[in-house]
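Subject: A structure for you to look at

Hi there,

I am passing on a structure that you have not worked with before. Could you open it and keep it beside you while you read the notes below?

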Amino acid sequence: MATSISRSSISPSPQYIRSRSSPSYPRTYLILHSHSCWKRLCRSSRCFSVLHGGSGKNFRFVDTQSSMEDSHFEVVIKDPNTLPRPLSSTKSSVSSGSRLRVAYQGVPGAYSEAAAGKAYPNCEAVPCEQFDAAFEAVERWIVDRAVLPIENSLGGSIHRNYDLLLRHRLHIVGEVKFVVRHCLLANHGVKIEELKRVLSHPQALAQCENTLTGLGLVREAVDDTAGAAKHVAFHKLKDAGAVASSVAASIYGLNILAEDIQDDSDNVTRFLMLAREPIIPGIDRPFKTSIVFSLEEGPGILFKALAVFALRQINLTKIESRPLRNQPLRSSDDNGYGSSKYFDYLFYVDFEASMADQNAQNALRHLKEFATFLRVLGSYPMDTSMP
């Protein structure tokens, strides 16, 4: 089902970017590279455009009528000289002066907003209601980049974003590590012993499990940490607190009852920087490459896949498996005991090498010989700074 995204005006407290249901008619997106193509299309169909982006110079909005009344297109005319080009590694990573629009999931005060500011200083951070909306905002030119969490040192992987990386065609152009320091927040006048429940993102609740269990608080999951703080403040709750940042406490006028309530002081979240255009990999600095692949079922097949990296002394930093949703089960009757059922998986792997390195190219060429599916999600500079 197609979706549309509302775009908020620039304001100190921007609205969410939301995904919402589209009209009942189907939409087709056409990118036309010349005005002659445009003229031919206008003579044969009804066209309209609801998209806009950048300065607006590359877009033309029309409403024409013709014999094809049942056809509907969203049309974007783009000057060939302004079509997306691969980013350089310097443009993909930390930016010092450009006013990029960067999507993040949550509301102002979220850790993702702070991570976006670390990845792209001086950017305009654009809040999105869900992870899906952030991906769509980049794809539809509403924003330039997205900064989204992918894993945490305590809570583990953000599985939803792994699935969205495969569903969408964005490219990983960088990473940033952000230290997370959780606080227990409540309205002014509320004491910690008066709390019965606590609201926050599931990952934040998991990262503070020991502290919250010790306080005997019932945990309630919401979309994001800052959203939990906003909810507690807006509804003036007396029996509920929120796990969020000290920035969120300041924004929403809450009191900090306890600081650093995470179970481990080394609480670091890794965020991915996503763009429409891929990065041009280099060898002038440490690079990381992220891929996803699938394999046939069989003894030692995963070992064989990982061996293509070990044989070339390429270090793996992450491996994550996710179910292959369109084909969750595979039947096999070659074991001599009748038919068996197997789960099909996709494997996400990060390794320390640039795709500009011949060694990495040879490893993927080797893997492609027996993988049933292989896609490079990005080859990008590693964040080697101390979080």
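The search for enclosed space turned up 2 cavities of 30 Å³ or more. Please keep in mind that this is a predicted model.

The largest cavity holds about 270 Å³ of space. Its lining is made of 19 residues, and those closest to its centre are Tyr 111, Ser 112, Pro 149, His 201 and Gln 203. If you prefer to find your way by secondary structure, look for helix 3 (111–119), strand 8 (145–152), helix 6 (202–207) and strand 16 (268–275), each of which supplies at least two residues of this lining. By residue type, the lining of the largest cavity has 8 nonpolar, 9 polar and 2 charged members.

Where does the largest cavity lie with respect to the domains? Domain 1 (101–179) and domain 2 (183–265) both contribute residues to its lining, so the cavity lies between them.

The second largest cavity has a volume of about 60 Å³. Its lining residues include Ile 150, Tyr 162, Leu 165, Arg 270, Leu 272, Asp 350 and Tyr 380. Two or more residues come from each of helix 5 (159–167), strand 16, strand 17 (287–294), strand 21 (345–351) and strand 22 (373–381). Here the lining divides into 9 nonpolar, 1 polar and 2 charged residues. Domain 1 (101–179) and domain 3 (279–381) each give at least three residues to the lining of this second largest cavity.

Now for the protein as a whole. There are 11 helices and 22 strands, and 48% of the 387 residues are buried. Taking contacts between residues at least 6 apart in sequence, 74% of them join residues at least 24 apart. The surface exposed by the protein comes to about 19,200 Å², with carbon and sulfur atoms supplying 53% of it.

One last residue to click on is Asp 284, in the loop between strand 16 and strand 17. Is Asp 284 buried or exposed? Its relative accessible area is 58%, and exposed means over 50%, so Asp 284 counts as exposed. Along the chain, Asp 284 and Pro 381 are 97 residues apart, yet their C-alpha atoms are separated by 9.4 Å.

Enjoy exploring it!

Best wishes

Note on methods. Residues numbered from 1 in each chain as written. Predicted model: local features only at pLDDT ≥ 70, side-chain atom pairs only at ≥ 80, totals over all residues. Heavy atoms only, no water. 1 Å grid on protein atoms, 1.4 Å probe; cavity = no way out; pocket = protein on both sides within 12 Å on 5 of 7 lines; lining within 4 Å. Points joined across faces, edges and corners; volume = space filled by probe spheres on them. Helix = DSSP H or I, 4+ residues; strand = E, 2+ residues; numbered from the N terminus. Nonpolar A, V, L, I, M, F, W, Y, C, P; charged D, E, K, R; others polar. Domains from an automatic or database assignment. Buried < 20%, exposed > 50% of the residue type's maximum accessible area, 1.4 Å probe, protein only. Contact = heavy atoms within 4.5 Å. Areas by Shrake-Rupley, 256 points an atom, 1.4 Å probe, with all protein chains shown as cover.
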